[in-house]
Amino acid sequence: MATEAGLVEHRRDKVGYVHKIILKKKYRRRTKRPAAPLVLMPLQRLFLSCRDVFQGPGTVPAPTDVQRLCHILDGMMPEDVGLSRDLQFFKQSAVKGIPRVTTTTIYKCDNFSLCIFFLPATAVIPLHNHPGMTVFSKLLVGTMHIKAYDWVDPANSDDSVSPSQLRLARLKANNVFKAPCNTSVLYPTSGGNIHEFTAITPCAVLDVLGPPYSQEDGRDCSYYKDTPYNAFSNGETEVAEEEGERYGWLEEIEMPKDSEMDGIEYLGPQVIETSS
Ligand SMILES: [Fe+2]
């Protein structure tokens, strides 16, 4: 794992340089030109749109709002959050010992959060759920395998199922994604709410979570182990494996010990909390 300072690029020098040029021009000009239209940086556009779109716990963004966020995220590059593909972290083909995932939070409020996950090659974020959440995942760097399930019976809430009990889930995704690629979206009961990330090469993923996890509000993260459907099919639950549809049994497990993440400070471009 790269050091904290090396992982996220700092841009203070560049900002200082731009400032110098602006001052020089200001003294030369005598006539007043109309102000250039303000062009927002992608991260700031994402932040302002998230503030509009996410209405808090118990709500799901409308399809047009989902499209709006996807459109911004689809166009985002590593540089938009202060990253470069040239960072040593992204060039390491292997790490010693069990690879640890690192995370950093760009912004968090009650309605949404913006986070980045850094996975060294072969690192895994095991199967986990997003209760009551809509989540946008944009792979910024690397190649990653994503497996995702939805509950066949989402009405059967987690509270009514003992941890050791197997629940039937429908496989929604089992694909390899390579950056640059489009954004994946999951919803409270569809789109692959329970997913697993496996890094094939070192990866960086930008996640938008609305609302964020909150233990107090009953949105804690649960972990699962999956077993192929056929291994436990006993005839009690009849599922026809239609073309293109696959199923699995999920069992809730304790968070795997080697899945703990390291948190680092976010040092990329900041979002600006304007009042409008
Ligand atoms: Fe996730």
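Start with the sheet: six strands form an open sheet in the order 7-4-9-2-1-12, with mixed pairing. Strands here are DSSP runs of E of at least two residues, and helices are runs of H or I of at least four residues, both numbered from the N terminus. Two strands count as paired if DSSP finds at least two bridges between them. The model is predicted: local features need pLDDT of at least 70, side-chain atom pairs count only at pLDDT 80 or more, and totals for chains, interfaces and linings use all residues. Residues are numbered from 1 along each chain as its sequence is written.

**Edges of the sheet.** Select strand 7 (184–186) and strand 12 (262–263). Each has a single partner strand, so one side of each is left without a neighbour in the sheet. Strand 12 runs parallel to strand 1 (residues 102–108), and two bridges join them. To find the register, show T103, which stands opposite G263 of strand 12.

**Strands 1, 2 and 9.** Move next to strand 2. Strand 1 pairs with strand 2 in the antiparallel sense over six bridges, and the two form a hairpin with four residues between them. T102 has F118 of strand 2 as its bridge partner. Strand 2 also pairs with strand 9, again antiparallel, over seven bridges. There F118 has A204 of strand 9 as its bridge partner.

Is strand 2 enclosed or open to the outside? Six of its seven residues are buried, so strand 2 is largely enclosed by the rest of the structure. Buried means that 20 or more other C-beta atoms lie within 10 Å of the residue's own; 12 or fewer makes it exposed, and anything in between partly exposed, with C-beta atoms placed from the backbone.

**L114.** Centre the view on L114, in strand 2 (residues 113–119). L114 counts as buried because it has 24 C-beta neighbours inside 10 Å. Leaving out residues up to four places away in sequence, L114 touches I106, Y107 and V208. A contact requires C-beta atoms, placed from the backbone, within 7 Å. Add G210 to the selection: its C-alpha is 9.1 Å from that of L114, although the two are 96 residues apart in sequence.

**P99.** Now select P99, in the loop between helix 5 (88–91) and strand 1. P99 has 19 C-beta neighbours inside 10 Å and therefore counts as partly exposed. Apart from neighbours within four places in sequence, P99 is in contact with P120, A121, T122 and A123. S259 is 160 residues from P99 in sequence, with 9.1 Å between their C-alpha atoms.

**Helices 3 and 4.** Show helix 3 (residues 42–53) with helix 4 (residues 63–74). They pack at an angle of about 165°, with their axes 10 Å apart. Axes are lines fitted to C-alpha atoms, for helices over the stretch in contact, and angles run from 0 to 180 degrees between N-to-C directions. Helix 3 and helix 4 are therefore roughly antiparallel, the term for angles over 145 degrees. On helix 3 the contact is made by P42, R45, L46, S49, C50 and V53, and on helix 4 by D65, R68, L69, I72 and L73.

**Whole chain.** Zoom out to finish. The chain has six helices and 12 strands, and 29% of its 276 residues are buried. Of the contacts with a separation of 6 or more, 81% join residues 24 or more positions apart.

Terms used:
Two residues are in contact if their C-beta atoms, placed from the backbone, lie within 7 Å. Angles under 35 degrees count as roughly parallel, over 145 as roughly antiparallel, 65 to 115 as roughly perpendicular and the rest as oblique.
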